[in-house]
Amino acid sequence: INDTNFDKSKFTIISIGRIATVKRFTLIPSIAKMLKASGCDFKWYIIGGGDQNEIYKINNAIKVYNISENVILLGAKTNPYPYFKAADLLVSTSESEACPMIFNEAKILGTPIVSANFGSSYEFIKQNIDGYVTPIEEMHIVIEKLIKDKGEYSKLSPSIDNELLEESIIAKVNNI
């Protein structure tokens, strides 16, 4: 990653997507404030472009919670995959997603996931294997546990489900 704003020296969290109200990126600064207050050492990067009003709200919350050293808006990236690969954790604060492709992208690149508990998150994340699905109000507890407990973090082994591999899908179609 050739980005002077990206620092991998601390536990690295990414949230990726279109900046929009439904993604609830505006909650990240308050979650980060709780993590910082509990002694966690981390950087949380928000990657994406979109609604300028939402971007303003995120920047304002970063200032209000005094966490500009921890939460950084990187803007839109044409190729976010190096960030997935470099990150320790992908966090989704969305209130809903039809088909959260970022989960599969994270799993392909071996990045554990913490997601708010919307319907399709349970279809894409195997609890305690790929990551965790949690109520947004408890997200800071789960993230803190993963930052502080290396044993808990190392238990996570995200990978793409064999049933989603091309060969498996072709075999099923041929079988039908």
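This is a short walk through one helix and some salt bridges in the structure above.

Okay, a bit of housekeeping. We're looking at a predicted model, where local features need pLDDT of at least 70, side-chain atom pairs count only at pLDDT 80 or more, and totals for chains, interfaces and linings use all residues. Residues are numbered from 1 along each chain as its sequence is written, and side-chain values use heavy atoms, with hydrogens and water left out.

Let's start with helix α1, residues 28-37. Helices here are DSSP runs of H or I with at least four residues, strands are runs of E with at least two, and both are numbered from the N terminus. Which residues of α1 are buried? That would be Ile-28, Pro-29, Ser-30, Ile-31, Ala-32 and Leu-35. Buried, for us, is under 20% relative accessible area, exposed is over 50%, and partly exposed is in between, using a 1.4 Å probe and protein chains only.

And what covers those buried residues? The cover includes three strands, β1 (11-16), β2 (42-47) and β3 (71-75), plus the helices α2 (52-64) and α6 (139-148). Contact there means heavy atoms within 4.5 Å. After α1 you run into Gly-39, and its phi is positive, near 90°.

Now, salt bridges. The rule is a side-chain nitrogen of Lys or Arg within 4 Å of a carboxyl oxygen of Asp or Glu, and that gives eight of them. I'll show you three.

Lys-23 pairs with Glu-97, at 2.6 Å from N to O. This one ties together distant parts of the chain, 74 residues apart: Lys-23 sits in the loop between β1 and α1, while Glu-97 is in the loop between β4 (89-92) and α4 (101-108). As for accessibility, Lys-23 is buried at 10%, and Glu-97 is partly exposed at 23%.

Next up, α2. Lys-57 and Glu-54 form a salt bridge at 3.4 Å, N to O. They're about one helical turn from each other, because they sit three residues apart in that helix. Buried or partly exposed, what is Glu-54? Buried, with a relative accessible area of just 4%, whereas Lys-57 comes out partly exposed at 40%.

Last one: in helix α6, Glu-144 and Lys-148 are four residues apart, again about one turn. Their side chains make a salt bridge at 3.0 Å, N to O. Glu-144 is partly exposed at 22%, and Lys-148 is partly exposed too, at 45%.

That's my tour, over to you.
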